[in-house]
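This report describes the enclosed spaces and some surface features of the structure below. It is meant for a reader who has not seen the structure before.

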Amino acid sequence: MASTITLAVTRYRPEEEAEPTVETYTVPFRKDWVVLDALNHIKDHQDGTLSYRWSCRMGVCGSCGMMVNGSPKLTCAAFLSDYAPGPVRVEPLQFFPIVRDLIVDIGEFLHKLKKVKPWIVRAEEQPLSEGEYLQTPDEVDAYKAFSMCINCMLCYSACPIVGLESHFTGPAAIALAQRYNLDSRDQGASGRVEILSDHEGMWGCTFVGDCSRVCPKNVDPAAAIQQYKLTTAVDTLKSWLLPRGSR
Amino acid sequence: MNERLTPFLWLLFSAGGTVAALLFPVHVFLVALAFPLGALPAPSYEALHGLVQHPLVRIYIFVLISLPLFHWAHRFRYTLYDGLQLYHLTNLIAVLCYGAALAGTAATAYVLLTLTR
Amino acid sequence: MNGDMSGGAGLHHVGDGGMTRRAGLQPGHAYMRYHPKWYRRRMSVWWWLQKGSYAQFVLRELTSVAVAFFAFIFLWQVWALGQGPQAYAHVVARLGTPLAVVLSVVGFVLVLYHTVTWFNLAPAAMVVRVSGRRVPGWMVAAANYAAWVLLSAVVAWFFLGANQ
Amino acid sequence: MSLRYPLRDFHMDIFSCDVLVVGGGGAGLRAAIAAADAQPTLKIGVVSKVYPMRSHTVSAEGGAAAVIKTGDSLDEHAYDTISGGDWLSDQDAVEVFVREAPTEMLQMEHWGCPWNREPDGHVAVRPFGGMKVQRTWFAADKTGFHMLHTLFQTSLKYEQIQRFDEYFVTTLLVDEGRCEGVVAIELATGRVVAIAAKAVILCTGGCGKVFPFTTNASIKNGDGMALAYRAGVPLKDMEFVQYHPTGLPFTGILITEAARAEGGWMLNKDGYRYLQDYDLGKPEPKPVLRSMELGPRDRLSQAFVKEQEKGRTFEGPYGHYVHLDVRHLGQKLIDKKLPFVRELCLKYVNLDPVREMIPVRPVVHYMMGGVHTDINGATSLSGLYAAGEVACVSINGANRLGSNSLTELLVFGARAGRAAAAFTAEAPDASSSVATQAHDEEAHLERRFRQRDSVRSGETERIATLRTEMQGVMEQSAGIYRSAPTLEQGAAQLQSLQERLTRVGVDDRSYTFNTEITSLLELSYMLDLAEGIVHAALARTESRGSHQRTDHPDRDDQRFLAHSMVHRTSSGQPRIEYSPVTITRWPPGKRVYGR
């Protein structure tokens, strides 16, 4: 087994260069190291100027998403040994504006997330003194998978529609809208449909399906969007066919 | 495209996709391959002509042809739009695609309604 | 009141609100201290060739061309039935020409690809519940395939049994 | 429009708000929402060095304790907490905590947190270490994740809450004994800004990264503790550092206590449930509350060290370890209640806990100590509040019970939010010195990091070298077992590290997302806190909870039934004082587990 491995890392220094370049680094090759460990080794011992985000190193904070050999990955869960003998190509998440090196701007996502009202909407709040809203385990299961999103942005980086149309609301945000729609405690579905019923919302999705393939938490945003389309389409049809009272 | 129409067009696309998935393989295999190549005994003109006299068969043929046309229209529209990045032609593409499907549907209806006994 | 903090009217996200405003500079501009200079890659027109799954997706979408092609073949054939035996024989003969056969073979493969991808993706959109519990996706897909086999058999029976 | 104060020859951005929350994790978001609910007209800022959903609350797994079931009582929760904390908890705070916990948890439910449920639809609870009754609410084993995202998503509906995402706070603005805001670097641009506020709430979490092996995320550098400490606010009970008994070797990834609560066993290299040798009860096939594997974390981590001394642990490339065995629980239960444990093992150590045993060792997990606050989160500095792990109220005393921390950040986050909101009513606007102070801080940062001569004179040091040395010193001197000689040596080593810190060079001069500068600032925060921990540990010549002195093995209520207060002297060195513990209804007793 080779004792070192090479990483080809995208650098972008906006103060000095007009576009990104590639810098190669050679790091020790260790069986239990992930790509993030290699980046930390570079930053600590070789080049303190390399910039990237990371935090929990256990796949739940969602900070460390990057393109590894062309695929969006959480670098804390991408073992070097899976890319041996290298070189390992490490790039910032695609389809996002690059701020610097491996850091991309995700501010747009925060706007999209807020737009879909990802919170419980109710006509009337039950007072806390009356206890919890009852919700059976099956009712929890109805939305649970879509609540597992860690906002790591891998799905946006996998989605060509995001790349083509930056205004597309995108997989994670629509899945989170659907997470609340499916929550038995929520009454905000009709409000969200109005927001998501345009080509920037659910209808922009053409079901490429890569979002679900790269999701590290098996959220399956593609399914969320298709289910959302089906429900919306059926509801629309009903509203045309049925008289108001019986809807 | 009118946003209010989108859910309806998507339903047509879905229905058409399902019809095509379920029924096209067998129809294509028999009508476009097995019968012309003589691999299987083709039904006679009279037999088929007799079959299409039944109203249910005519409805079946109408569904078989028109819904998949809308399926095509929807998919082709998005493929042109995203694949070739023809954003400035979005309305024209939509009109041409759904227009073609509509025309095909009208033609099918006309043919089926005027089929001689 | 919000405006005091955000720098951009109505933006809840202060830092980015400012950033969006300032990043509106033209690409290729010189760097200015305290102002971001983001790099945006433009997507190639050939994006769908860059990744296997994207190519498969575009292929899947293009099966719709084969679907439309055969829809018109069917229409042509039904029209010919109305025009009389000669017209019908003409259609059958044309379908047997080498060019038509090649097109039909390619189209048939595409239609099969459509069927397989459609059935495999259908469970994602369709949530089927039996007494509150969601039916697993593979069972939905299996039901689709079973319906496909059954319907194909029925259609074949009508065609092949039409002469009797 | 941001207000622009003309300052000498350039402009600086000065934002202003009523309540400014530093930190966007569970406590920070809860505080922000509470302030917004209390007074909807207030402008509330949340400044965080990471996007809120990256905050470390996200990593909490097991659950959050609150009394809700029949057969449980507030007093039992209080007693478990107080005895678990070895009677160093302030009992008035604990009583408030257990009383408000159920309401806060119900509020989380109303905001959409996906709690596990009973078949009839009521919230389900699970057992947890050190708790006599099952009272831990849980969302599988991703409770912190779900709570954080629920809070974050709920916070989005408050238009008056405005976020400063990825702003790194470098100092508090203090004038005439009052905190009036912060100075922060906007990471994306390097712009230094002042955020003036009538009240500031620190919610920046702990400082686990002062130790080498920790469950803590890389962002846990004690920023808020150091900011307060440098502003003259004392830190309380810093010597109490919780080791979680079950972290993965190398990565320190947390394997939740819930794994033991659901019935997992701790086995030494002979396959023996060794906890039975440490006065923690007798082994039973099913989990017994407050017994064996469900003992408190300090006792379990201490037992590990004893096993290691007896040579009954495994030795691996990353030190000694024992086994956590959950195989007998079966795949169905593991997938339903411990899916994240399985996911983490499969993804990070390539083993399946359904079929294999999990290697674990004690790893630093939580700081019982922190910024000294009262029951409303108020610190000794007017206008400055703190809540969550950064604060020390104290309910956790000498050892925190598992599943109390998530509840704590809700209860005291909300209390601090409300108190800060009320404070703004009588607080005058920020003084004019804010601009001057902010400008001075900017000039200071510029000098320190971007003027080559000042940094590069003489020998230079690397950030990582110092950080690694500091972590080594902390494990050696202030680990699970401590003694005067090692602590004294540690204190001396830390002092020399402080001197070397001034010689650290920065290669990165960029204004765009300069993570080298923030790493260096974080290291300087951590060194201050490391000194505080070591000095507080040296001064406490007794053993209590997580603080075990081999040279003073017994608890000494005569002298040390008291909170240590670490003050920063003008030389930068810590000075330790003590303040009394509040005892209401539970006089100090013996900690009994397994009986």
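A cavity is a set of grid points where a 1.4 Å probe fits but cannot get out. The model is predicted, and it holds 12 cavities of 30 Å³ or more.

**The largest cavity**

The largest cavity has about 690 Å³ of space. It is lined by 49 residues, and those closest to its centre are His56(D), Thr57(D), Gly205(D), Lys220(D) and Glu389(D). Several elements of chain D each supply at least two residues of this lining. The helices among them are helix 1 (26-38), helix 5 (223-230) and helix 10 (405-426). The strands are strand 3 (44-48), strand 8 (167-175) and strand 16 (358-367).

**The second largest cavity**

About 130 Å³ of space lies in the second largest cavity. Its lining has 14 residues, with Ile185(D), Gly190(D), Val192(D), Arg450(D) and Ile517(D) closest to the centre. Two elements of chain D give two or more residues to this lining: helix 11 (433-450) and helix 15 (515-539). Which element gives the most to the lining of the second largest cavity? Helix 11 of chain D does, with 5 residues.

The table sets out the linings of the two cavities by residue class.

| Cavity lining | Nonpolar | Polar | Charged |
|---|---|---|---|
| Largest cavity | 18 residues | 23 residues | 8 residues |
| Second largest cavity | 8 residues | 3 residues | 3 residues |

**A nonpolar patch on the surface**

On the surface, residues of chains A and B make a nonpolar patch of about 450 Å². Chain A gives Trp240(A), Leu241(A) and Leu242(A), while chain B gives Leu5(B) and Phe8(B). One of these residues, Leu242(A), lies in the segment after helix 9 (221-241) of chain A. Leu242(A) counts as partly exposed because its relative accessibility is 35%, and that class runs between the cut-offs of 20% for buried and 50% for exposed.

**A residue in chain C**

Ala89(C) is placed in helix 4 of chain C, which covers residues 85-95. Is Ala89(C) buried or partly exposed? Its relative accessibility is 44%, so Ala89(C) counts as partly exposed. Gln77(C) is 12 residues away from Ala89(C) along the chain, and the C-alpha atoms of the two are separated by 9.7 Å.

Definitions and conventions: Residues numbered from 1 in each chain as written. Chains lettered and ligands numbered in written order. Predicted model: local features only at pLDDT ≥ 70, side-chain atom pairs only at ≥ 80, totals over all residues. Heavy atoms only, no water. Patch = residues over 30% accessible without salt bridge, like charges linked within 9 Å, V, L, I, M, F, W, Y side chains within 5 Å. Areas by Shrake-Rupley, 256 points an atom, 1.4 Å probe, with all protein chains shown as cover. Salt bridge = Lys/Arg side-chain N within 4 Å of Asp/Glu carboxyl O. Helix = DSSP H or I, 4+ residues; strand = E, 2+ residues; numbered from the N terminus. Buried < 20%, exposed > 50% of the residue type's maximum accessible area, 1.4 Å probe, protein only. 1 Å grid on protein atoms, 1.4 Å probe; cavity = no way out; pocket = protein on both sides within 12 Å on 5 of 7 lines; lining within 4 Å. Points joined across faces, edges and corners; volume = space filled by probe spheres on them. Nonpolar A, V, L, I, M, F, W, Y, C, P; charged D, E, K, R; others polar.
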